[in-house]
Amino acid sequence: MTGTLRLYAFNTGWFQCRPGYFIEGEEGDYLKGPVPSYLIEHPKGRALFDTGMGVRYRRTLETALPSNKFGLQWFEGQEIAARLRSIDVDPASIDWVINSHLHIDHCGGNASLPNACVIVQSRELAAAQVTEEAGLYEAEDYATGQPVKAIDGELDLFGDGSVMIVPTYGHTPGHQSAIVTLPGGARVLLAADCCYTERNLDLMVLQKAVVDREAGMRTMEYLRRERESGARILFGHDGRQWAGVEEAKPLT
Ligand SMILES: [Zn+2]
């Protein structure tokens, strides 16, 4: 463990969809977005923000999803446990998992982090437990036996303001994001699915997958203010933005 905070980004798989899934009415070829996970190393512990997909979405080059199909997939070596090991971090050393929400592509790696306490908004946990629509929330991803810290609203994870968990409702009833302040003072807002792409924020257009549009717009306005005040926002599934993100190295 190092003496100062470090933030690492990883892509743990791919999400494919038509442009209209991001911005209603837009057409064109299928887009490929990352499924990000972030490691926060803090002197007081290690936290992961989102954990990717479960084993059932693993594919090989032979069984890969065709490029014109909607869906999720990852390939061997992309899973969060492997990504952590690649930088000499033992998955068993993760103290906290912050799940932005409990959709299958955000908590599917929780099972590989046996000693973590899972931090989730209590209203998100409740939504996962009552939603029966298949392919959104699956208990095998989010109910993996670790202790759960269900919170309501904001949380200053390490008590020093460096990792602030903030509610960003709309995409789901209890979606949350995190603002990480790097040692040099730069602020990085890990948005996850409260806003899929930078273009959504530029246009102030909600993505299709939003359960509460009013809350979703309030969240977008919040993101706008954060961006104007200098925060770097990393979006949920933005392939274009991700091309400029350096993985597995401390972000600066
Ligand atoms: Zn989602």
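The zinc site and the aromatic contacts of the structure are described below. The model is predicted, so that local features require pLDDT of at least 70 and side-chain atom pairs pLDDT 80 or more, whereas totals for chains, interfaces and linings use all residues. Residues are numbered from 1 along each chain, and side-chain values use heavy atoms, with hydrogens and water left out.

The zinc ion is bound by His101 (NE2), His103 (ND1), His171 (NE2) and Asp193 (OD), at 2.2 to 2.5 Å; donors are N, O and S atoms within 2.8 Å of the metal (3.2 Å for Na, K and Ca). The spacing of these donor residues in sequence is H-x1-H-x67-H-x21-D. His103, in the loop between β6 (96–98) and α3 (104–107), and His171, in the loop between β10 (163–167) and β11 (176–181), lie 68 residues apart in sequence, so the pair ties these parts together. Helices (H or I, at least four residues) and strands (E, at least two) are DSSP runs. Both His103 and His171 are buried (under 20% relative accessible area, with exposed over 50% and partly exposed in between; 1.4 Å probe, protein chains only).

Nine aromatic pairs are found in the whole structure; rings of Phe, Tyr and Trp (its six-membered ring) pair if their centres lie within 6.5 Å, with planes under 30 degrees apart stacked, over 60 edge-to-face and the rest tilted. Phe15 and Phe70 are edge-to-face, with centres 5.7 Å apart and planes at 80°. Phe15 is buried at 5% relative accessibility, whereas Phe70 is partly exposed at 46%. Ring pairs join Phe15, Tyr21, Phe22, Phe70 and Tyr196 into a cluster.
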